[in-house]
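Work through the exercises below with the model open. Try each task before reading its solution.

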Amino acid sequence: MELLTDDGPPAAAPGGRVVTIGVYDGVHLGHRALIDQARGLAEARGAHTAVVTFDRHPAMVVRPDSAPKLLTDLEQKLELLESTGVDTTLVVHFDIEQSRQPAEEFVQQILVERLSACAVVVGHDFHFGHERSGNVASLARMGGELGFDVLGIRLVDDDDEHEVVSSTRIRDLLTSGDVEAASRLLGRPHEVRGAVETGDARGRELGFPTANVAVPDDIQLPGDGIYAGWYERPDGSVHPAALSLGRRPTFYADGHLVLLEAYLLDFEGDLYGEGAKVRFVRRLRDEERFDSVDDLVAQMGRDVDAARTILTNS
């Protein structure tokens, strides 16, 4: 996949490009359906495909107090976009200046001059430009003047609930702890990334040494609880894991800091300082406070057994 930024020279493409635009947070099944539409149109026209996305969620700039948590950081988003088979991804640096760019200027500079768009495929409710002044209708008018077609595609729904697949809906599912439903809409288990930091060694004292994964504050975590999941190390090895996400109420009655702790099954070794990719497969139970450490240790043993069974059969 060719990776471009918004401040470079025109990027030539024989036959032009079929372009789709969006935040693409999570690169979920709805996003993939749009990209599939773009790829099909490009193949029919003998053109290339391109995704235009942003280096951060625009809400982080225009309304930071209510900006949503991210399903993917930029690195993971680009990896997922590459997996769709798109030819080019152009990443727009989104800041205050960019948020004030008129819709017409964005179209001229990015779609026409930078990418030589011959067609644009977007969701039917797509908005863009300063104060979201541009929409599918205005984009189609500009396309008629500048030489590209516009397709506004109805967003896909899932088979079970017949609700639109959206990043907002996936965040809500994760917040409730329903990682299985979120995974179905993502087309993969929800993954978070972070570095392994030194903790208070509480897990080691209890016989279950854990890796404390420091996930950035702007990334969406599932609701507090105990989960079965997968843990990937920088060398690409993937390990089954029992995951604890929460405030450890047995030890800290007023704990406010949410910790993600991963106990890797049948693993011995030093993980400190490594990057980790943690994938949530199934929620096992709520986080709870135990009357004694012995009760907690017994439950941790049951959690590990449950995680092993689930992951062996997944």
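**Exercise 1. Two sides of a helix**

Which exposed residues does the face of H6 turned away from its buried side carry?

*Solution.* This is a predicted model: local features need pLDDT of at least 70, side-chain atom pairs count only at pLDDT 80 or more, and totals for chains, interfaces and linings use all residues. Residues are numbered from 1 along each chain as its sequence is written, and side-chain values use heavy atoms, with hydrogens and water left out.

Step 1. Fix the terms. Buried means under 20% relative accessible area, exposed over 50%, and partly exposed in between (1.4 Å probe, protein chains only). Helices (H or I, at least four residues) and strands (E, at least two) are DSSP runs, numbered from the N terminus.

Step 2. List the buried residues of H6: Val136, Ser138, Leu139, Met142 and Gly143. They cover an arc of only 160 degrees around the axis, so they sit on the same side of H6. The arc is that of the directions from the helix axis to the C-beta atoms.

Step 3. Turn to the opposite face. Arg141, Gly144 and Glu145 are the exposed residues there.

Step 4. Recall the helical repeat. An α-helix has 3.6 residues a turn, so residues three or four places apart point the same way.

Step 5. Find the cover. H5, strand S5 (117-123), S6, S7 and strand S8 (149-153) are among what covers the buried residues of H6.

**Exercise 2. A helix pair**

Describe how H5 packs on H6.

*Solution.* Step 1. Take the geometry. Helix H5 (residues 103-114) and helix H6 (residues 136-146) pack at about 50 degrees, with their axes 11 Å apart. Axes are lines fitted to C-alpha atoms, for helices over the stretch in contact, and angles run from 0 to 180 degrees between N-to-C directions.

Step 2. Classify the angle. H5 and H6 are therefore oblique to each other. Under 35 degrees counts as roughly parallel, over 145 as roughly antiparallel, 65 to 115 as roughly perpendicular, and the rest as oblique.

Step 3. Give the hand. The crossing of H5 and H6 is right-handed: the near helix is turned clockwise from the far one by less than a right angle.

Step 4. Name the contacts (heavy atoms within 4.5 Å). H5 supplies Ala103, Glu104, Val107, Gln108, Leu111 and Val112; H6 supplies Leu139, Met142 and Leu146. Seven of these residues are nonpolar, one is polar and one is charged.

**Exercise 3. Positive phi**

Tyr24 or Arg132: which is buried and which is exposed?

*Solution.* Step 1. Check the backbone. Tyr24 has a positive phi of about 55 degrees, although it is not a glycine. Arg132, also no glycine, has a positive phi near 55 degrees.

Step 2. Place both. Tyr24 is in the loop between strand S2 (17-21) and helix H1 (29-45). Arg132 is in the loop between strand S6 (127-128) and strand S7 (134-135).

Step 3. Read the accessibility. Tyr24 is buried, at 3% relative accessible area. Arg132 is exposed, at 53%.

**Exercise 4. A loop histidine**

What does His57 contact, leaving aside its neighbours within four places in sequence?

*Solution.* Step 1. Locate His57 in the loop between strand S3 (48-54) and helix H2 (59-62).

Step 2. Classify His57. At 15% relative accessibility, it counts as buried.

Step 3. List the partners of His57: Val23, Pro68, Leu70 and Arg171.

Note on methods: Ala, Val, Leu, Ile, Met, Phe, Trp, Tyr, Cys and Pro count as nonpolar, Asp, Glu, Lys and Arg as charged, and the others, Gly among them, as polar.
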